[in-house]
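Let's take a walk through this one together. Have the structure open and ready to rotate.

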Amino acid sequence: MADTASIDYREVNLRENSSTASTCTGSNRRDFKDNGFRMTSLQQQLCSSNIWIAIVASFLIGLLLGKFDIELLSNKASNMHSIVMKEATTSADSSGAVLVTGATGRTGSLLYHELKRRGVSDVRAFVRNITKAQSVLGCTKCDESEGVYLGDVTKPEDLERAMMGPRSGGSSPVTTIAIAVGGSSRLSPDMQRQVEFDSVVHSVKALAHAHENQRNHLRVVLCSSMGTNQARPPSSFANILFWKLNAETFLSTSALSSTIIVKPCGLPEGMVGKNSTLVVGHNGTIMAGTEYHSVSREDVANVMAESVVMANECGKSKHLRFDLCSRPGPVTTDLKGLIEGARWEWDN
Ligand SMILES: NC(=O)c1ccc[n+]([C@@H]2O[C@H](COP(=O)([O-])OP(=O)(O)OC[C@H]3O[C@@H](n4cnc5c(N)ncnc54)[C@H](OP(=O)(O)O)[C@@H]3O)[C@@H](O)[C@H]2O)c1
């Protein structure tokens with residue numbers, strides 16, 4: 001019979017670490033810390049007291065039944081807790097439907113095709129022009145039966161519909177949104193705000209509404225832009241970057257499981273095959289002292305696709321925001337390594 005006084009919350013944690021080993025091999029302790037990090041001390045106390053209540057209640061029942069075995073009971077309590085933690089970890093990595101918004105755009109269409117090429121089973125496109133979708137995405141009917149949703153990102157109801165999936169058939173809701181929408185400096189200031197910022201808020205709201213009961217596996221990958229953190233004199237361009245920065249900021253507090261913000265440098269036409277070495281960084285520092293200020297849309301789409309399919313690393317932040325640019329040099333093939341390299345030095 002175990003000494004009940006020695007079974008405290010710390011010990012329960014250690015048992016969880018060993019039981020999640022199959023999910024987070026080699027870093028299970030860190031993984032638990034990551035999950036535990038999100039618990040307030042009040043939650044920890046409640047959690048701890050729930051276990052104690054279970055133990056005490058079981059003790060009393062055991063006394064009544066004359067079959068008391070505190071070691072078995074305490075193991076059961078810790079196992080119950082570890083099952084909950086394990087689900088939270090694995091579901092964050094599970095795949096679901098991916099909705100590409102701006103899917104008929106130059107980056108969005110490359111992203112859409114790249115996700116399909118990588119075998120993502122349910123890739124959906126959010127478009128505002130069926131004819132363009134037919135020529136760019138290769139769909140025939142280009143309707144919901146083919147995972148193509150007609151709508152405007154400034155209209156929340158259009159996004160809500162796309163998030164839920166076809167009305168008929170047993171398709172599941174979207175779990176990841178890959179945003180490749182972009183406004184133009186020709187739009188009015190109000191429309192720039194709606195396209196660059198409000199639409200991101202609408203998208204996240206629609207995603208959350210589609211998952212009323214469980215939201216710990218939802219992910220957004222946003223194509224923003226380098227330079228959003230620089231002060232600029234008023235201009236249409238500055239206005240767009242301002243609203244992009246607002247979208248980035250909103251995402252970082254959106255309470256989704258994972259948010260990855262890719263901030264490319266210039267996207268010139270016809271750049272494929274040049275400057276093949278990709279570089280990542282923060283706050284524009286990768287532009288310092290170099291004449292290379294561009295990256296191909298194909299590379300941006302590939303990095304976004306990798307961000308969509310990349311499993312969450314146990315113990316590491318699931319929220320990244322990084323500049324992306326390129327240089328002449330060998331082709332960067334390890335995109336996961338590239339994205340991992342964009343973590344802050346303390347996030348390892
Ligand atoms: N150009 C650069 O040098 C540069 C540099 C850094 C970052 N970026 C950013 O990178 C992203 C991708 O750029 P890109 O040049 O590949 O984009 P793009 O070709 O201009 O495509 C933008 C997409 O957004 C869609 N869109 C715009 N307003 C919409 C609305 N109200 N409802 C639904 N869809 C809407 C467009 O639909 P349609 O296809 O129907 O037009 C298009 O598919 C953008 O956010 C851009 O700002 C650009």
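What follows starts at one strand, moves out to its neighbours and ends at the ligand.

Keep in mind that this is a predicted model. A good place to start is strand β2, residues 123-127. Is this strand mostly covered or mostly open? It's mostly covered, with five of its five residues buried. Look along the strand and you'll see V123, A125 and V127 pointing one way, while R124 and F126 point the other way. That fits a general pattern: in a regular strand, side chains alternate between the two faces of the sheet. Here the residues on both sides of β2 are buried, R124 included.

Now for the neighbours. Strand β1, residues 97-101, pairs with β2 in the parallel sense, over four bridges. If you want a spot to anchor your view, find T101, which stands opposite F126 in β2. β2 also pairs with strand β3, residues 148-150; three bridges join them, and they too run parallel. On that side, A125 has V148 of β3 as its bridge partner.

How do the connections go? β1, α5 and β2 make a right-handed β-α-β unit. Carry on along the chain and you meet another right-handed β-α-β unit, made by β2, helix α6 (residues 130-137) and β3.

That first helix brings us to the ligand. Helix α5, residues 106-117, gives the largest share of the shell around the ligand, namely three residues. In total, 22 residues surround the ligand, and the closest are G102, G105, R106, T107 and G182. By character, the shell divides into seven nonpolar, ten polar and five charged residues.

Methods. Residues are numbered from 1 along each chain as its sequence is written. This is a predicted model: local features need pLDDT of at least 70, side-chain atom pairs count only at pLDDT 80 or more; totals for chains, interfaces and linings use all residues. A residue is near a molecule or strand if its C-beta atom, placed from the backbone, lies within 6 Å of it. Helices (H or I, at least four residues) and strands (E, at least two) are DSSP runs, numbered from the N terminus. Ala, Val, Leu, Ile, Met, Phe, Trp, Tyr, Cys and Pro count as nonpolar, Asp, Glu, Lys and Arg as charged, and the others, Gly among them, as polar. A residue is buried if 20 or more other C-beta atoms lie within 10 Å of its own, exposed if 12 or fewer, and partly exposed in between; C-beta atoms are placed from the backbone. Two strands pair if DSSP finds at least two bridges between them. A crossover is right-handed if, with the strands pointing away from the viewer, the path from the first strand over the helix to the second runs clockwise.
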